[in-house]
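Student: I have a structure open in front of me and would like to go through it step by step. May I ask about the surface before anything else?
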Amino acid sequence: MDRESALDVIATAVALAGAFWQIATPGPGIAELYRSDPRLAHAVLEVESRLARILTATINGMTSTPAA
């Protein structure tokens, strides 16, 4: 992986980690709503595992195909 690609992975990690953390740590009212309504279960996410999967796919994609 070249330097530019590595910087893209880092930027992706930082952006997604921030967004996922905001989603995963809602305020008390929203957290209670998520717990009380099973239809909202999809809104609760595990930051570390989700981020790891996405970054792994990103890195695999960047390293398995020729640069454009």
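Student: Which residues form a nonpolar patch on the surface?
Tutor: This is a predicted model. In it, the surface patch of nonpolar residues consists of Leu-7, Ile-10 and Val-14. Together these residues have about 290 Å² of accessible area.

Student: Where is Val-14 found?
Tutor: Val-14 is part of helix α1.

Student: And is Val-14 buried or exposed?
Tutor: Val-14 is exposed, because its relative accessible area is 58% and the exposed class begins over 50%.

Student: Turning to the whole chain, how many helices and strands are there?
Tutor: The protein chain has three helices and zero strands. Read from the N terminus, the order of its elements is α-α-α.

Student: What about the overall dimensions: what box do the C-alpha atoms fill?
Tutor: Along the principal axes, the C-alpha atoms of the protein chain occupy a box of roughly 50 × 20 × 15 Å.

Student: How does the radius of gyration relate to that of a compact globule?
Tutor: The protein chain has a radius of gyration of 16 Å, whereas a compact globule of 68 residues would be near 11 Å.

Student: What share of the residues is buried?
Tutor: Of the 68 residues in the protein chain, 16% are buried. The accessible surface of the chain is about 5,100 Å², and carbon and sulfur atoms account for 63% of that surface.

Student: Let us go inside, then. Which residues make up the largest nonpolar core?
Tutor: The largest nonpolar core has seven residues, namely Val-9, Ala-13, Phe-20, Leu-45, Val-47, Leu-51 and Leu-55. Helices α1 (3-24) and α3 (47-64) are the elements that give two or more residues to this core. As a general background point, nonpolar side chains in soluble globular proteins tend to be buried together.

Student: Which residues is Leu-51 in contact with, leaving aside its neighbours within four places in sequence?
Tutor: With those neighbours set aside, Leu-51 is in contact with Ala-13, Leu-16, Ala-17 and Phe-20.

Student: What fraction of the contacts comes from residues far apart in sequence, say 24 or more positions?
Tutor: Among contacts in the protein chain with a separation of 6 or more, 68% are between residues 24 or more positions apart.

Student: How far apart are the C-alpha atoms of Ser-64 and Met-1?
Tutor: Their C-alpha atoms are separated by 9.7 Å, although Ser-64 and Met-1 are 63 residues apart along the chain. Ser-64 lies in helix α3 and is exposed, with a relative accessible area of 57%.

Student: And what is the separation for Arg-35 and Arg-3?
Tutor: The C-alpha atoms of Arg-35 and Arg-3 are 43 Å apart, with their positions 32 residues apart along the chain. Arg-35 belongs to helix α2.

Student: Leu-33 is in helix α2 too, I think. How far is its C-alpha atom from that of Arg-53?
Tutor: Leu-33 is indeed found in helix α2, and the C-alpha atoms of Leu-33 and Arg-53 are separated by 27 Å. Leu-33 counts as partly exposed, at 40% relative accessibility. Arg-53 has its place in helix α3 and is exposed, with a relative accessible area of 51%. The C-alpha atoms of Arg-53 and Gly-27 are separated by 26 Å.

Student: A change of topic: how many salt bridges are there?
Tutor: The count comes to two salt bridges. Arg-35 forms one of them with Glu-32, and their closest N and O atoms are 3.1 Å apart. In general, side chains of opposite charge can pair when their charged atoms come close.

Student: Why are Arg-35 and Glu-32 separated by about one helical turn?
Tutor: Arg-35 and Glu-32 are three residues apart in helix α2 (residues 28-36), so about one helical turn separates them. Arg-35 is exposed at 60% relative accessible area, while Glu-32 is partly exposed at 43%.

Student: Which side chains meet in the salt bridge with an N to O distance of 2.8 Å?
Tutor: Those are the side chains of Asp-37 and Arg-39.

Student: Is Asp-37 buried or exposed?
Tutor: Asp-37 counts as buried, because its relative accessibility is 15% and the buried class is under 20%. Its partner Arg-39 counts as exposed at 67%.

Terms used: Residues are numbered from 1 along each chain as its sequence is written. This is a predicted model: local features need pLDDT of at least 70, side-chain atom pairs count only at pLDDT 80 or more; totals for chains, interfaces and linings use all residues. Side-chain values use heavy atoms; hydrogens and water are left out. A nonpolar core is a set of buried Ala, Val, Leu, Ile, Met, Phe, Trp, Tyr and Cys residues joined through side-chain atoms within 4.5 Å. Buried means under 20% relative accessible area, exposed over 50%, partly exposed in between (1.4 Å probe, protein chains only). Helices (H or I, at least four residues) and strands (E, at least two) are DSSP runs, numbered from the N terminus. Contact means heavy atoms within 4.5 Å. Patches are made of residues with over 30% relative accessible area and no salt bridge: like charges are joined within 9 Å, nonpolar side chains (Val, Leu, Ile, Met, Phe, Trp, Tyr) within 5 Å. Accessible areas come from the Shrake-Rupley method with a 1.4 Å probe; for residues, only the protein chains shown count as cover. A salt bridge is a side-chain nitrogen of Lys or Arg within 4 Å of a carboxyl oxygen of Asp or Glu. The radius of gyration is taken over C-alpha atoms; the globule rule is 2.2 Å times the number of residues to the power 0.38.
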